[in-house]
Every structure is written in structure tokens, then in C-alpha cells.
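Welcome! Get your viewer ready and work through the exercises below at your own pace.

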Amino acid sequence: MEAWIILSVAAAAFQTLRFMLQKHLSMGALSTGGATFARFAYSMPFVVTLALGYLAYSGVAWPHLGGAFWIYAFSGGLAQILATWCVVALFAQRNFAVGITFKKTEVIQTALIGLIVLGDRISLTGLVAIVIGLVGVLILSDNRIAGQGARLFNRAAGLGLASGALFAISAVGYRGATLEIASDDPFLRAVVSLAIVTTSQAFGMAAWLAWREKGEISRVIAARRTAVWMGITGMGGSLCWFTAFTLQNAAYVFAVGQIEVIFSLMASVLFFRERVAVRELLGIGLLSASILGLVLLV
């Protein structure tokens with residue numbers, strides 16, 4: 001099995017754990033902005049230490065970063081902040097599994113944005129597999145969509161679609177950033193990009209909260225016993241995503257990463273005690289077929 005597939009599955013697992021922690025913190029301890037900031041603030045020290053340590057261990061100097069790198073990195077970082085904010089806000093609208101499902105429109109949107117920005121192309125087989133997966137997550141999201149437009153055009157759907165678009169922009173930005181680093185080592189390209197992006201996100205969110213949400217930074221610090229684990233899982237997920245992006249088209253990476261929906265369903269039942277409908281077996285079957293098709297055919 002290719003490395004990018006293993007990394008995509010691992011990233012989805014880490015991300016499910018992180019969103020579980022973010023949901024917990026956003027349900028009383030922190031505001032939406034605070035829970036979003038905590039994810040970056042508590043990741044930053046670990047990511048920067050890992051990047052500097054890896055460069056020292058490898059005996060490699062800090063790579064040259066051109067103007068295109070900074071454009072890709074900062075646009076991707078800003079898009080991820082806004083996308084994460086949308087997802088945390090979405091938790092107040094629908095249950096955990098459905099909240100994650102709505103954001104999975106990112107796969108199709110990533111394919112389109114990747115084609116426009118980076119010229120990344122997907123095969124016909126890959127497109128069919130992605131569409132099958134999309135049908136699967138739509139079935140998982142709601143079993144009473146047909147004939148009920150109000151269930152589609154609501155705040156939850158808007159937040160989910162917005163988060164999907166923003167995550168797509170961030171993925172393409174991150175892939176573009178890693179491709180701008182002149183190195184044959186995919187992990188080096190990923191960890192350096194991640195360290196810069198996470199640092200900018202942490203400082204940017206800190207400035208925003210200090211301006212708009214007085215006292216929220218203190219609450220983030222007070223929630224450190226839980227938030228630090230969110231930072232660690234966030235770092236693990238992002239590092240897997242970034243490394244996979246150096247190896248494969250971002251749309252394919254996200255398509256395999258849709259296994260996160262299955263992980264989130266498990267989390268809904270085991271940790272949040274939320275009910276899962278029988279119809280979701282069909283959605284899981286289609287999603288599994290999509291992922292298997294990508295693994296075997298792409």
C-alpha cells in the first residue's frame with residue numbers, strides 16, 4: 001500500500017480525535033473562536049520543535065522559501081482557520097457525525113480548486129470513485145433530504161458547505177507550499193511548511209481574540225489539560241495531511257480521508273451516545289467502495 005494512503009487514513013483518525021476534543025471544549029469551556037485558537041496554539045510548540053529537531057538531525061540547513069511559498073502557505077493557513085471556525089460552529093447545529101459529514105464536500109471542491117490553481121488532474125476512474133464517496137456521505141448526512149428543501153438550505157448546510165470550500169482552499173494552498181520547497185525529502189517539506197503555517201495561525205488567532213474576545217485567551221490557558229491533547233492530535237493529523245500532499249493530488253488524499261466519516265460515526269456512538277440510523281450502513285458501504293476504488297485503481 002502506498003505511503004500517501006496510509007498517511008491519509010492516519011490523518012483522518014487524528015482529525016476525528018481532535019474534533020471530538022474541540023466539540024467538548026466548544027460546549028461550554030470555550031467560545032468558537034477560543035476552541036479554534038486552542039487547536040493552533042497548542043500545536044505550535046510541538047510542530048516548531050519537531051521541525052527544528054528534524055533539520056538538526058538531518059544536518060540540513062533551513063530551506064530557501066520563495067514568494068510563491070508564502071502566498072500558498074498564508075492563504076492556506078487563513079482558509080483553515082475560517083474552515084475550522086465553521087466546523088466548530090456547526091457542532092451547535094447538528095450532531096457530531098453529521099457535522100463532519102457536511103464538511104466532506106471538500107473532496108469535490110478540492111478537485112476543482114486543485115485543477116484551477118495547480119493544474120492537478122484526476123482520472124476518470126478517480127472521479128467516479130470520488131462521486132461514489134460523495135453520494136455515500138450525503139446518505140450519511142440525512143435520510144430525509146428528498147422533497148424537503150428546507151433541510152438543505154439552512155444554517156447547518158451553509159456552514160458545512162463553507163467549511164468544505166475553505167478546507168479545499170487550504171489543502172491546495174498547502175500542497176502548493178510543499179511543492180515550492182526544493183527538497184527530495186517529503187517529510188522535511190511537510191514539517192517546515194506546517195511549522196510556518198501553524199505559527200502564523202497561532203499568532204493571528206491570538207491577535208484576533210485579544211481584539212474581539214477579551215478574556216478568551218485566559219480561558220484557553222485554563223483549559224490546557226484538555227486543549228494540549230487537541231494540539232498534539234492536531235499536529236499529528238496536519239503532519240500526515242501535509243506529507244500526503246507532497247506525494248499525491250490533494251483531491252485523492254481527501255477522498256481516502258473520507259474514512260473520517262466512519263470514524264466520526266464510531267465516536268458519536270461510543271463517546272457522545274448519539275443515535276446512528278440504520279440507513280448509514282448504505283452510506284458506509286458506498287464510502288468504503290469509494291475508498292477501496294481509489295486504493296486499488298489510482
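Two exercises on helix packing follow, each with a worked solution.

This is a predicted model, in which local features need pLDDT of at least 70, side-chain atom pairs count only at pLDDT 80 or more, and totals for chains, interfaces and linings use all residues. Residues are numbered from 1 along each chain as its sequence is written, and side-chain values use heavy atoms, with hydrogens and water left out.

**Exercise 1.** Describe how α3 packs on α10.

*Solution.*
Step 1: Helices here are DSSP runs (H or I, at least four residues), numbered from the N terminus. Take α3 as residues 44-58 and α10 as residues 186-212.
Step 2: Their axes come within 9 Å and cross at roughly 150°. Axes are lines fitted to C-alpha atoms over the stretch in contact, and angles run from 0 to 180 degrees between N-to-C directions.
Step 3: List the contacts (heavy atoms within 4.5 Å). On the α3 side they include M44, V47 and Y54, and on the α10 side F187, T198 and F203 are among them.
Step 4: Sort by class: 15 residues are nonpolar, two polar and none charged. Tyr counts as nonpolar and Thr, not being in the nonpolar or charged lists, as polar.

**Exercise 2.** Examine the surroundings of T198: is this residue buried or exposed?

*Solution.*
Step 1: Locate T198 in helix α10.
Step 2: T198 is buried, because its relative accessible area is 1% (buried means under 20%, exposed over 50%, with a 1.4 Å probe and protein chains only).
Step 3: The T198 side chain reaches the backbone oxygen of L194 at 2.8 Å.
Step 4: Leaving aside neighbours within four places in sequence, T198 is in contact with F40, S43, M44 and V47.

Definitions and conventions. Helix = DSSP H or I, 4+ residues; strand = E, 2+ residues; numbered from the N terminus. Polar contact = N/O pair within 3.5 Å; in protein donor to acceptor, adjacent residues only side chain to side chain.
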